[in-house]
Amino acid sequence: MEELVKFNVEDRIAYITLNRPEKRNALNEELIKQLKQAVYKAEKNENIKIIVLAAEGDVFSAGADLAYLQKLQQNSVNENIADSHQLRELFSAIYFSSKITIAKVQGHAIAGGCGLATVCDFVFAAHEAQFGYTEVKIGFVPAIVALFLIRKIGEGKAKDLLLSGRLISSIEAKEIGLINEMVDHNELDEVVKTFALKMCNETSANSIAITKDLIQKVQSMKTEEALIFAAETNANVRSTEDFKKGVDSFLTKTKLKW
């Protein structure tokens, strides 16, 4: 089987790298499958604290490839439903991961490729990278990523991007909150690694997992329900080993490395 996704771990950081540069890392069935398996593998490994999603070549991902799109035209309704759920499962695996997820975007991220960056917790991009959800330009609908994008940047800004299909620069992507940082291309690897190591060493994995779960759940709750859930979460965390260790470190003024 062709290795469309590279997986390696260094300093508790899992690097999951799209490895289809000759096709601009365009998505197809096998690449989506291998990406999903890699994310699941990282999620199950307790020694991994950070997941970095990266790509080989000059383009992060150009979205679905032509052969894949042609195949979708020939699929039955049931086949297309099953295929669509594969992409849903991939985006969900990244978004709902208990670990910190970082997209390292060295080049253009288009359509489904932009979706991959959208579902990550943090996005670091090279200055020259462009972003866009171009599905409407080919009569398609960015249905799955739309849910995550609206959560990330709000309905108004999401409408602008999803309905126009226009490409935006890294500068605009940062302004609207789609990405976190712009970085010189030759410094991207080091900046992402430094940030990931800092998060590894200075934050509790248990606290990160619980905080991410809280952020995801309260958005769909009514205010009073969300407040009760938050209070219960606050109380439950106080009995965890990480909380006890963290408080002891704070009180004794000793440096703690997570």
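This dialogue reads a few features of a predicted model, from its sheet to its helices and single residues.

Student: Where should I start with the sheet, and what is the order of its strands?

Tutor: Begin with the strand order and then look at the pairing; here an open sheet of six strands has the order 1-2-3-4-6-9, and the pairing is mixed. From one strand to the next, the twist averages 20°.

Student: Which strands stand at the edges?

Tutor: An edge is read from the number of partners, and in this sheet strand 1 (5-10) and strand 9 (181-183) each have a single partner strand, so one side of each is left without a neighbour in the sheet.

Student: How many bridges join strand 2 to strand 3?

Tutor: Six bridges join strand 2, residues 13-18, to strand 3, residues 50-55, and the two strands run parallel. Within strand 3, Ala55 is the residue that stands opposite Leu18.

Student: Turning to helix 6, which of its residues are buried, and which are exposed on the other side?

Tutor: In helix 6, which spans residues 155-164, the buried residues are Ala158, Leu161 and Leu162. Seen down the helix axis, the buried residues of helix 6 fall within an arc of 90°, so they line one face of the helix. On the other side of helix 6, Gly156 and Leu163 are exposed. The cover over the buried residues includes helix 5 (143-153) and strand 8 (167-169), while Gly165, which follows helix 6, has a positive phi near 70°.

Student: What span does helix 3 reach, and which of its residues are buried?

Tutor: A span is best read against its expected value: helix 3, with 19 residues, reaches 27 Å from its first C-alpha to its last, close to the 27 Å expected at 1.5 Å a residue. The buried residues of helix 3 are Asp83, Leu90, Phe91, Ser92, Ala93, Ile94 and Tyr95.

Student: Why does Phe91 count as buried, and what does Phe91 touch?

Tutor: Phe91 has a relative accessible area of 1%, and it counts as buried because the cut-off is under 20%. Leaving aside residues up to four places away in sequence, Phe91 touches Gly112, Gly115, Leu116, Val119, Ile144, Val145 and Phe148. Gln130, by comparison, is 39 residues from Phe91 in sequence and 20 Å away in space, C-alpha to C-alpha.

Student: Where does Asn75 lie, and is Asn75 buried or exposed?

Tutor: Asn75 lies in the loop between helix 2 (66-74) and helix 3 (77-95), and at 15% relative accessibility Asn75 counts as buried. Its side chain is joined to that of Asn80 by a polar contact of 3.2 Å.

Methods
Residues numbered from 1 in each chain as written. Predicted model: local features only at pLDDT ≥ 70, side-chain atom pairs only at ≥ 80, totals over all residues. Heavy atoms only, no water. Helix = DSSP H or I, 4+ residues; strand = E, 2+ residues; numbered from the N terminus. Buried < 20%, exposed > 50% of the residue type's maximum accessible area, 1.4 Å probe, protein only. Polar contact = N/O pair within 3.5 Å; in protein donor to acceptor, adjacent residues only side chain to side chain. Expected span 1.5 Å × (residues − 1). Pairing = 2+ DSSP bridges. Axes fitted to C-alpha atoms, helices over the stretch in contact; angles between N-to-C directions. Arc of directions from axis to C-beta. Contact = heavy atoms within 4.5 Å.
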